[in-house]
Every structure is written in structure tokens, then in C-alpha cells.
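Please examine the sequence and the three-dimensional structure shown here. A short set of questions and answers accompanies them.

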Amino acid sequence: MKNLVVDILRNNERFEIVTHEGPDEDAVGSSRALAFGLLSMGKKVKIVYPTPIPDSLLFTSAPKNQKDVKPQISLLLDVSDMNMLGGFHPRGEIVIVDHHKTDITAGMTCWIDPGKSSASEMVYDLLRALEIEITQAMASNLYLGIFGDTGGFIHVNTTPRVFRIAYELTRGGADPNLIAYRVRRSKSLTYYHLLSMVMDRMMINDGVYASYISLAELKRIKARPDDASGIVEEMASLAGAELVIFLKELNPDTVHCSMRSKTGQSALRTARAFGGGGHERAAGITLKGRASEKIEDVIEEGLKWVNKG
Ligand code: 5GP
Ligand code: MN
């Protein structure tokens, strides 16, 4: 299906690149790199972020966003659930390029490959297939996305191929030290305040470690939603935690739940039970209700799956 996407990119002129709300390193990196590539072919491109890019990811080069593109094609990157578009309605014919297992693609043009580390790795493949010269701006953005989705080259998706591509991107001008420091060494003090609250109220049941943060608490310490990103990874660093569950209230009746499992598939299994999704070891759900109430349900479901492969 990659070839079909390559043909579509070649044969159309006006594109909208759409990624998910709360854009992360992969969303930002893959969309910017592809936009640079299409612009270098003389195409018209606009990137749509349903919610703003966090300040910590603004450092890599951004292509000039073109205004009235009237897209023929809306290319969705790193989107495995239409709910992740934050209500945005794509205006062109939808084409999906993603590395998540997803079932949203029935009847749609798509290239889905859960064997790929990231949407950025897939954009690298597209740029190569289109014989586009990979500039420093493209390389930096692709490296950012791969670094983000492999957790800094530690997750199971860190394949030999990932290292080969990272090597190519580094040779092409991506700066691994700059990117790693900007991503990892850019936490706010507020983040550590949040982290201490989350650690303080950790609920431990067998290998299931769960915690949450409420909207009122976020407001009290003037935290922005971005400030909590990374907390679930810290929870997963705890010895003994097989499945970690972190709930964050987004508004008075919506809570986002992030999960990580250390070995088996309990994160994905638990997420699926509530209509969520993701990867075997990193999954999420968006739930209606309050964090302090929903957490019990998620723990109960998690306990069914932990240590069951
Ligand atoms: P995170 O915990 O970093 O927000 O998300 C981890 C993974 O879970 C993401 O890569 C994404 O695939 C998936 N994910 C996160 N939130 C949701 C959600 O609300 N719905 C679905 N279907 N997947 C999600
Ligand atoms: Mn991704």
C-alpha cells in the first residue's frame, strides 16, 4: 500500500497534512518532514494540528504553512482514531499513513504498518520512494519523531532498521544531542510538582501501579496539559510495576488515561476493554467521568490482564 500512497503524493498538487491532537514528537516530526518534502516537489501544503504544538517541540525547522490550499488530499499521519482529530474535519480525500494497529481504515486509502517504529520512519520511506533529497530540516524532524516514539531508542520498536535510519539522518544533519536534550531536558518545575503528587498517591495492586491528577489540582499549580506528558514513563520506570495507569482530567467530564506495560500486552488489552487503543505496551483511552472514580474501573480491568502475556 506504500506504492499507492507514493502515487497519490506524486499525482496530486494540494495537500493537507493532519495529525493528532496533543501533537507529540512523532506527530510534529513526521508532518513537518513530509511537508518539507512535498514543498520541495513544488506542491502546496498545509499542516493541521488540532491542538497547538507544545513549546518544547517548536525548536526544529517548520515549513511555511500555506494558507488557502483547498486540499485534494488530506493525509492523516500518526492518527489511529478519528476522535484524535479533536473535531477537525478533513477537507480532502482521506489517506492514512500510520504505524498503529487500527480498524478505522475500512474502505479508506491507507498504508498501515505496525512493524514500523513511528510515522516518521514511514515518512522517511515515502521521501526515499519519491527520490527526494533529505535536507537537514527533514532529517532533524524525522530523527525527532523516531527518538520520541522509541522512547530515546529503548522501546521494543528499536529495530536495527531504526538505527540504520537514525545513522542516515545523523549524517544528513540531525543533531542527536540537541534533539535529545530539547526533548528530555526541558521539563518545567511544574512537571516535578505534578510528578510528586502523582507518586504520593500511587495505588499499588500486584504489579498494577495507578495514579491520577485532577483538573482542580492542575489548575491549583497552574499546570498546562502538556506539563503532565512524560509522567506515565516515570511511573513505568518503577521496579515492580508491570502495568502503569495514569489518568489526567482534561475537562470536568473527560479524562485521558495513559498506560504502559513492561513486558506483556496488558496496556493494549486494558485500553481495548474501554474502547481505546495503541500499541501492546503503550496504550490510551479517553473516558467520560472523573479521574478519582474511573481509576478503580481501569485498575480492575488491568488486573485481569497483567502477567497474562
Ligand atoms: P499516550 O499514553 O502517550 O498518550 O499514548 C500512548 C499510545 O496510546 C499512543 O501512541 C496512541 O496510539 C494510543 N492512545 C493514546 N490515547 C488514546 C485514545 O484516547 N484512544 C486511542 N484509541 N488510542 C490512544
Ligand atoms: Mn507515532
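The questions below concern the metal site, the cores, one helix and selected salt bridges.

This is a predicted model, in which local features need pLDDT of at least 70, side-chain atom pairs count only at pLDDT 80 or more, and totals for chains, interfaces and linings use all residues. Residues are numbered from 1 along each chain as its sequence is written, chains are lettered from A and ligands numbered from 1 in the order in which they are written, and side-chain values use heavy atoms, with hydrogens and water left out.

Q: Which residues coordinate the manganese ion (ligand 2)?
A: Donors are N, O and S atoms within 2.8 Å of the metal (3.2 Å for Na, K and Ca); water is not among the atoms, so sites may look incomplete. The distances here are 2.1 to 2.3 Å. The coordinating residues are D26 (OD), D78 (OD), H99 (NE2) and D149 (OD).

Q: How many residues apart in sequence are the parts that D78 and D149 tie together?
A: Helices (H or I, at least four residues) and strands (E, at least two) are DSSP runs, numbered from the N terminus. D78 lies in the loop between β3 (73–77) and β4 (93–98), whereas D149 belongs to helix α4. The pair therefore ties together parts whose separation in sequence is 71 residues.

Q: Which helix gives the largest share of the largest nonpolar core?
A: A nonpolar core is a set of buried Ala, Val, Leu, Ile, Met, Phe, Trp, Tyr and Cys residues joined through side-chain atoms within 4.5 Å; buried means under 20% relative accessible area, exposed over 50%, partly exposed in between (1.4 Å probe, protein chains only). Of the 48 residues in this core, L9, L34, L75 and L169 touch the most other members. The largest share, eight residues, comes from helix α4 (residues 136–149).

Q: What arc do the buried residues V162, I165, A166 and L169 cover around the axis of α5?
A: In α5, V162, I165, A166 and L169 are buried. The arc, taken from the directions from the helix axis to the C-beta atoms, places them on the same side of α5, because they cover only 105°.

Q: Is E16, the salt-bridge partner of R91, buried or exposed?
A: A salt bridge is a side-chain nitrogen of Lys or Arg within 4 Å of a carboxyl oxygen of Asp or Glu. The side chains of R91 and E16 meet at 3.0 Å, N to O. R91 is partly exposed at 49% relative accessible area. With a relative accessible area of 1%, E16 is buried.
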